[in-house]
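Pull up the model and give it a slow turn before reading on. We'll start with the whole chain and then work inwards.

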Amino acid sequence: MEFNVKERAERARQLFHEGYNCSQSVLLAYCSDLGMDEEIAKAVASSFGGGMGRMREVCGTCTAMFAIAGLAKPSNIPGNLKTKTENYQLVQELAEEFKKETGSIICRDMLKLNGNTHEGPIPEPRTGDYYKRRPCSELVYLAAEIIGNKLNTLGL
């Protein structure tokens, strides 16, 4: 299967603008083609927005890429070091490519929060100002583009 990466990245951005969190948006753009039910994907990724439950740690877009890596190159047999190595290698490649474009995979760094992670659990309302101030929409697009290109390279 060859993914239309630009279409998927735009779909991920659209999902983000519909109100899905960053992680859900990227995962939903690809999950059904990789054998994951969309409702399960929404639930699984629901905790990863805002850098892990709004703690501003690893960006939710990266978490979604890593989840997709697990669907594409699973390491689901205990003790199989070959598949574990392949999965970890893929995750590290994705992280490096994302960092090359953004400088980090850490949410607070990209939001320029200067180490402040004490914003609490309540998400901000999605307003026009929210989308202007935050790079999240573009990060969603970027992550969906990176994982799509990687899936195409892997022939998945």
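What follows is a walk from the overall fold down to a few helices and single residues.

Keep in mind as you look that this is a predicted model. What is the chain built from? It has nine helices and zero strands, so if you trace the elements from the N terminus on, you simply read α-α-α-α-α-α-α-α-α.

Now for the overall size. Taken along the principal axes, the C-alpha atoms fill a box of roughly 45 × 30 × 30 Å. The radius of gyration is 15 Å, and because a compact globule of 156 residues would come out near 15 Å, the chain agrees with that picture. Of those 156 residues, 46% count as buried. The accessible surface comes to about 8300 Å², with 53% of that belonging to carbon and sulfur atoms. Contacts also reach across the sequence: among those between residues at least 6 apart, 68% join residues at least 24 apart.

Helix α6 is a good place to zoom in. It covers residues 81-102, and its 22 residues should span 32 Å at 1.5 Å a residue; the end C-alpha atoms sit 31 Å apart, which agrees. Which residues of α6 are buried? They are T83, N87, L90, V91, L94, A95 and F98. Look down the axis of α6 and you'll see these buried residues fall within an arc of 130°, so they line one face of the helix. The exposed residues L81, K82, Q92 and K100 are on the other side of α6. As for what the buried residues face, they pack against α5 (60-72), α7 (107-110) and α9.

The two ends of α6 are worth a click as well. At the N-terminal end, N80 acts as a cap, with a side-chain oxygen 3.1 Å from the backbone nitrogen of K82. After the helix comes G103, and its phi is positive, near 90°.

One of the packing partners of α6 is α9, so let's go there next. Helix α9 takes in residues 136-154, 19 residues in total, and reaches 27 Å from its first C-alpha to its last, close to the 27 Å expected. Is α9 mostly covered or mostly open? Mostly covered: 15 of its 19 residues are buried. Just after α9, G155 takes a positive phi of about 75°.

T153 also belongs to α9, but this residue counts as exposed because its relative accessibility is 65%, and the cut-off for exposed is over 50%. Try finding E2 from there: T153 and E2 are 151 residues apart in sequence, yet their C-alpha atoms are 9.1 Å apart in space.

Two more residues give you a view from the inside. S25 lies in helix α2, which runs over residues 22-30. Is S25 buried or exposed? It is buried, because its relative accessible area is 0%. Setting aside residues up to four places away in sequence, S25 touches A12, L15, F16, Y20 and V140.

The other one is T63, in helix α5. T63 has a relative accessible area of 10%, so this residue is buried too, the cut-off being under 20%. Not counting neighbours within four places in sequence, T63 is in contact with S23, F48, M52 and V58.

Definitions and conventions: Residues are numbered from 1 along each chain as its sequence is written. This is a predicted model: local features need pLDDT of at least 70, side-chain atom pairs count only at pLDDT 80 or more; totals for chains, interfaces and linings use all residues. Side-chain values use heavy atoms; hydrogens and water are left out. Helices (H or I, at least four residues) and strands (E, at least two) are DSSP runs, numbered from the N terminus. Buried means under 20% relative accessible area, exposed over 50%, partly exposed in between (1.4 Å probe, protein chains only). Contact means heavy atoms within 4.5 Å. The expected span of a helix is 1.5 Å times one less than its number of residues. The arc is that of the directions from the helix axis to the C-beta atoms. A polar contact is a pair of N or O atoms within 3.5 Å; within protein, one must be able to donate a hydrogen and the other to accept it, and residues adjacent in sequence count only if both atoms are side-chain atoms. The radius of gyration is taken over C-alpha atoms; the globule rule is 2.2 Å times the number of residues to the power 0.38. Accessible areas come from the Shrake-Rupley method with a 1.4 Å probe; for residues, only the protein chains shown count as cover.
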